[in-house]
Amino acid sequence: MEESLQLRTGSSDNILMGASTSGLAGGAAAIVLSILGLVHFAPTTMAAVSAIALGAAFALNGGLLATERSRVMARAHPTTLEVVEFAGGVSVEAVAGIAAIVRGILTLLHIEAAALLPIGGLVLGIGIIFSSGALARLNSAAQSHKPMFERLTYSAVAFAIAFHVLVGIGAIVLAILGLIGYAPLLLSLIGFLGLGAAVMLSGASMTSRMLGATTVA
């Protein structure tokens with residue numbers, strides 16, 4: 001029985017590590033693609049692919065949070081309201097990621113890029129704000145069940161959460177400005193750049209947290 005539990009835990013750790021590193025890679029890709037677009041290298045294409053990379057990272061992060069929640073929340077004994085709030089944040093992030101992927105693909109097909117790119121930035125901005133709430137609840141619950149010396153890595157996640165909120169608000173503002181006609185492509189690229197940095201920071205902090213936990217174990 002214990003051996004079976006250890007195998008499941010190890011498998012879960014591998015899934016979490018893969019999802020966090022994939023999110024890290026997606027954020028880094030979005031940063032590089034956005035910078036290329038900002039220096040006028042196929043900006044529409046770079047923005048579309050950046051949106052797709054971010055959408056994939058969001059979807060993976062939603063899965064990561066859901067998997068981690070099943071391990072942490074069971075020990076934390078959350079209330080029904082906390083579980084519903086957490087699930088809502090994860091669902092919004094996953095839906096935002098899928099929506100961004102669809103809009104990125106439509107943009108590559110040259111369908112209303114001036115409107116689709118800002119909308120993609122808008123939904124991603126909303127998604128990252130909602131996910132920050134879910135991540136904050138998860139981080140708090142997980143931290144309370146760790147020894148003091150292991151809690152240092154959780155402060156990095158807390159910083160990433162605050163950065164998520166700021167970037168999400170910025171992305172929403174830029175998207176709205178783009179939708180009303182103020183340089184939609186340029187503002188979308190800037191928004192994707194910030195979102196990529198937030199996703200990369202989140203992936204890096206989650207990866208370091210899990211590596212720290214593995215080292216201690």
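Biologist: Let's kick off with Leu179: which helix does Leu179 lie in?
Modeller: Bear in mind that this is a predicted model. Counting from the N terminus, helix 5 spans 152-179. Leu179 therefore belongs to helix 5.

Biologist: And is Leu179 buried, partly exposed or exposed?
Modeller: The relative accessible area of Leu179 comes to 40%. Buried would need under 20% and exposed over 50%, so a residue between those limits gets the middle label. Leu179 is partly exposed.

Biologist: What is the area of the nonpolar surface patch that has Leu179 in it?
Modeller: The patch includes Val165, Ile169, Val173 and Ile176. Leu177, Leu179, Ile180 and Tyr182 are in it as well. Leu179 can join because its 40% relative accessible area passes the 30% cut-off for patches. The patch covers about 700 Å².

Biologist: Stepping back, how many helices and strands does the protein chain have?
Modeller: From the N terminus on, the elements read α-α-α-α-α-α. The count for the protein chain is 6 helices and 0 strands.

Biologist: What share of the residues in the protein chain is buried?
Modeller: The chain has 217 residues, and the cut-off for buried is under 20% relative accessible area. Ala99 in helix 3 counts as buried at 17%. Over the protein chain, the buried share is 39%.

Biologist: Now for the empty space: how many cavities of 30 Å³ or more are found, and how much space lies in the second largest?
Modeller: Rolling a probe the size of a water molecule over the atoms shows where empty space is left. The search over the whole structure finds 2 cavities of 30 Å³ or more. The second largest holds about 40 Å³.

Biologist: Which helix gives the most to the lining of that second largest cavity?
Modeller: Helix 4 (113-143), helix 5 (152-179) and helix 6 (184-216) each supply at least two lining residues. Among the lining residues are Leu187, Ser188, Gly191 and Phe192, and these numbers fall within the 184-216 range. With 4 residues, the top contributor is helix 6.

Biologist: How do the lining residues divide into nonpolar, polar and charged?
Modeller: The lining includes Leu117, Pro118, Ala171, Leu174 and Ala175, and Ala, Leu and Pro count as nonpolar. Gly121, Ser188 and Gly191 are also in the lining, and Gly counts as polar. The split is 7 nonpolar, 3 polar and no charged.

Biologist: What separates the C-alpha atoms of Phe192 and Ala171?
Modeller: Phe192 sits in helix 6 and is buried, at 0% relative accessible area. Both Phe192 and Ala171 line the second largest cavity. They are 21 residues apart along the chain, yet the C-alpha separation is 7.6 Å.

Biologist: And what is the C-alpha separation of Ala99 and Leu124?
Modeller: Ala99 is in helix 3, and the number of Leu124 falls within the 113-143 range of helix 4. The two are 25 residues apart along the chain. Their C-alpha atoms are separated by 8.5 Å.

Biologist: Where does His40 lie, and what is its phi?
Modeller: Most residues other than glycine have a negative phi. His40 is in the loop between helix 1 (2-38) and helix 2 (43-76), and it is exposed at 69% relative accessible area. Its phi is positive, about 70°.

Biologist: What about His110: what is its phi?
Modeller: His110 lies in the loop between helix 3 (80-108) and helix 4. At 71% relative accessibility, His110 counts as exposed. Though His110 is not a glycine, its phi is positive, at about 65°.

Terms used. Residues are numbered from 1 along each chain as its sequence is written. This is a predicted model: local features need pLDDT of at least 70, side-chain atom pairs count only at pLDDT 80 or more; totals for chains, interfaces and linings use all residues. Side-chain values use heavy atoms; hydrogens and water are left out. On a 1 Å grid over the protein atoms alone, a cavity is a set of points where a 1.4 Å probe fits but cannot get out, and a pocket is an open set with protein on both sides within 12 Å along at least five of seven lines; lining residues have an atom within 4 Å of a point. Grid points are joined across faces, edges and corners, and a volume is the space filled by probe spheres set on the points. Patches are made of residues with over 30% relative accessible area and no salt bridge: like charges are joined within 9 Å, nonpolar side chains (Val, Leu, Ile, Met, Phe, Trp, Tyr) within 5 Å. Accessible areas come from the Shrake-Rupley method with a 1.4 Å probe; for residues, only the protein chains shown count as cover. A salt bridge is a side-chain nitrogen of Lys or Arg within 4 Å of a carboxyl oxygen of Asp or Glu. Buried means under 20% relative accessible area, exposed over 50%, partly exposed in between (1.4 Å probe, protein chains only).
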